[in-house]
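Good morning, colleagues. I should like to take you through one structure today, moving from the overall fold to a single element. Please have the view in front of you.

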Amino acid sequence: MSLVRLLQLASPTLPVGAYSYSQGLEAAIEAGWVTDAETAQRWIGDVLELSMARMELPVLQRLLAEPTQGLNDFFVAGRETAELRAETLQMGHSLAKLLADIGIAVPIEQPAFPTAFAIAVRHWRIPARDALVAYLWSWLENQVMAAIKAVPLGQTAGQKILLALGDRLEALASSALDEERWSNFAPGLAMLSASHEAQYTRLFRS
């Protein structure tokens, strides 16, 4: 049953609003940095390697071992922009509310999304490595769907990006960064996420 629960957590039907966020991708399209499938794959791959794998993933890994208020607050404080901070808090709140409705307590104030996700994984005794891969896959799938809508791209182009970048997930989930090496230094993402807050027309909340 742990596999079924993991698929449920990683599913796009999970009611946390992930589909409404692009994490700077829409601003990159507006700025002309992302114009086609090749540049979309490069952008998503860079965010995967430079932000997700170096900060969000190791924080999640630590939360899977022991979810604490301090680690949750550290992650929230490390979000680069107001949009990205609001995103993780909104998604965390939505997942925590869902978990509470099915009898799983989230004893963390203002949980970020990785915190609520980790608590669900621990409750259902899902293997940590599987949970990390699924978390990355869920993020990747949402980014590709955002690119399909906003660039726009065809469905086949989206599947090719998933195939190319999906091959990296196992290795990323298997690596463990020491805390002193944690970093979300991705200035392009931060700059475009900040500019997205004032973008004239947009489809996504971030």
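What percentage of the 206 residues in the protein do buried residues make up? The answer is 50%. I should say at once that this is a predicted model.

Let me turn to the fold. The protein contains ten helices and zero strands, and its elements, read from the N terminus, follow the order α-α-α-α-α-α-α-α-α-α. The radius of gyration is 16 Å, close to the 17 Å that the globule rule gives for 206 residues, so the protein is as compact as a globular protein of that length. Along the principal axes, its C-alpha atoms occupy a box of roughly 45 × 35 × 30 Å.

Next, the contacts. Of those with a separation of 6 or more, 77% are made by residues 24 or more positions apart.

As for the surface, the accessible area is about 10,100 Å², and carbon and sulfur atoms contribute 55% of that. The side chains include 16 positive and 22 negative ones, with the centres of the two sets 4 Å apart.

I close with helix α10, which spans residues 187-196. Which of its residues are buried? They are Leu189, Leu192, Ser193 and His196. Viewed down the axis of α10, these buried residues fall within an arc of 105°, so they line one face of the helix. What lies over them? Among the elements that cover the buried residues of α10 are α2 (25-30), α3 (37-65) and α5 (82-101).

Thank you for your attention.

Methods. Residues are numbered from 1 along each chain as its sequence is written. This is a predicted model: local features need pLDDT of at least 70, side-chain atom pairs count only at pLDDT 80 or more; totals for chains, interfaces and linings use all residues. Side-chain values use heavy atoms; hydrogens and water are left out. Helices (H or I, at least four residues) and strands (E, at least two) are DSSP runs, numbered from the N terminus. The radius of gyration is taken over C-alpha atoms; the globule rule is 2.2 Å times the number of residues to the power 0.38. Buried means under 20% relative accessible area, exposed over 50%, partly exposed in between (1.4 Å probe, protein chains only). Contact means heavy atoms within 4.5 Å. Accessible areas come from the Shrake-Rupley method with a 1.4 Å probe; for residues, only the protein chains shown count as cover. Lys and Arg count as positive and Asp and Glu as negative; His and the chain ends are not counted. The place of a charge is taken as NZ of Lys, CZ of Arg, CG of Asp or CD of Glu. The arc is that of the directions from the helix axis to the C-beta atoms.
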